[in-house]
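Hi everyone, thanks for coming. Let me put the sequence and the structure up on the screen, and then we can walk through it together.

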Amino acid sequence: MANEELGRPAVSPLVGNQEENATLKSNSPKTNEHRYPNYFYAGFWIRFFAYLVDNLCITALTTIIIGGPFNLLGLERTSQLFSVYGILSLVVYLAYFVLLTKLNNGQTLGKMIFGIQVICFSEEKLSWSTVLVREGACRFILKNTLFSLGYLVAIFTPNKQHLGDLFTETSVVTLNMLKAAEHEGALNYHEQY
């Protein structure tokens, strides 16, 4: 099977002994160990349902954290962006995605339930800058009804990336596929180089 079919760049094996190979590998620029065959990436619908679960969690958090005090103080709860309640709701929405994605190794509660995880093609672990751009800035932009069409791009890209993924070199993989492939030894290709 060709490397292009597996979703990873074609690379010739390193020659020499194992010490030389380890030195070359450690001195080389960022290696990309998060390239998988196209069928490992989570599709639009599973990501959509994970997002629905996340929205339910965010609604519950917003109601508890912000709605309760607003009700006790008799303040008006409007979902308009330029109201106090709207801004605080947006902060909860973005904080949920940013904090859970970074602190939970690329998974929110919805992603955990559906067994999917955010990975980065250029980093071993998701960095704060990647998470802030993907989950903060891009989610804020894609939250708008018109821009939410940017999520549909995931249907047509080979690694099932939406616009936020394309900007941050990330995607979402199915964990069961990774576990099955690692169990069978199919993903040990990068150990050969």
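Let's begin at strand E1 and ask which way its residues point. Ile116, Val118 and Cys120 point one way, while Gln117 and Ile119 point the other way. For anyone new to this, in a regular strand the side chains alternate between the two faces of the sheet. Please keep in mind that we are looking at a predicted model.

Now, is E1 buried or exposed? Five of the five residues in this strand, which covers residues 116-120, are buried, so E1 is largely enclosed by the rest of the structure. Its partner is strand E2, residues 170-174; the two run antiparallel and are joined by five bridges. If you want one pair to find on the screen, take Ile119, whose bridge partner in E2 is Ser171.

Let's zoom out for a moment. The protein has seven helices and two strands, and from the N terminus on the order of the elements is α-α-α-α-β-α-α-β-α. There are 193 residues, and 39% of them are buried. If you take the contacts between residues at least 6 apart in sequence, 67% of those join residues at least 24 apart.

Next, two of the helices. H3 has 20 residues and reaches 28 Å from its first C-alpha to its last, close to the 28 Å expected at 1.5 Å a residue. Its buried residues include Tyr85, Tyr93, Tyr96 and Phe97. What covers the buried residues of H3? The cover includes H2, H4 and H5. After H3 comes Asn105, with a positive phi near 55 degrees.

H5 has 15 residues and spans 20 Å between its first and last C-alpha, close to the expected 21 Å. Among its buried residues are Arg134, Glu135, Cys138 and Arg139. The buried residues of H5 pack against helices H2, H3, H4 and H6, and also against E1 and E2, so here we meet our two strands again.

Now follow me into the loop between H5 and H6, where I'd like to show you three residues. Tyr151 is in this loop, and with a relative accessible area of 17% it is buried. Tyr151 and His162 are eleven residues apart in sequence, with their C-alphas 4.8 Å apart in space. Not counting residues up to four places away in sequence, Tyr151 touches Phe44, Arg139, Leu142 and His162.

Asn159 sits in that loop too. Is Asn159 buried or exposed? It is buried, at 10% relative accessible area. Leaving aside neighbours within four places in sequence, Asn159 is in contact with Arg35, Asn38, Tyr41, Phe121 and Ser171. You met Ser171 earlier as the bridge partner of Ile119. Asn159 and Ala42 are 117 residues apart in sequence, but in space their C-alphas are 8.6 Å apart.

The third residue is Phe156, also in the loop between H5 and H6. Phe156 is exposed, because its relative accessible area is 70% and the cut-off for exposed is over 50%. Phe156 belongs to a nonpolar patch on the surface, along with residues including Leu81, Phe82, Phe140 and Leu152. Together, the residues of the patch have about 1100 Å² of accessible area. The accessible surface of the protein comes to about 11600 Å², with 65% of that belonging to carbon and sulfur atoms.

That's my tour, and I'm happy to take questions.

Note on methods
Residues numbered from 1 in each chain as written. Predicted model: local features only at pLDDT ≥ 70, side-chain atom pairs only at ≥ 80, totals over all residues. Heavy atoms only, no water. Helix = DSSP H or I, 4+ residues; strand = E, 2+ residues; numbered from the N terminus. Buried < 20%, exposed > 50% of the residue type's maximum accessible area, 1.4 Å probe, protein only. Contact = heavy atoms within 4.5 Å. Pairing = 2+ DSSP bridges. Patch = residues over 30% accessible without salt bridge, like charges linked within 9 Å, V, L, I, M, F, W, Y side chains within 5 Å. Areas by Shrake-Rupley, 256 points an atom, 1.4 Å probe, with all protein chains shown as cover. Salt bridge = Lys/Arg side-chain N within 4 Å of Asp/Glu carboxyl O. Expected span 1.5 Å × (residues − 1).
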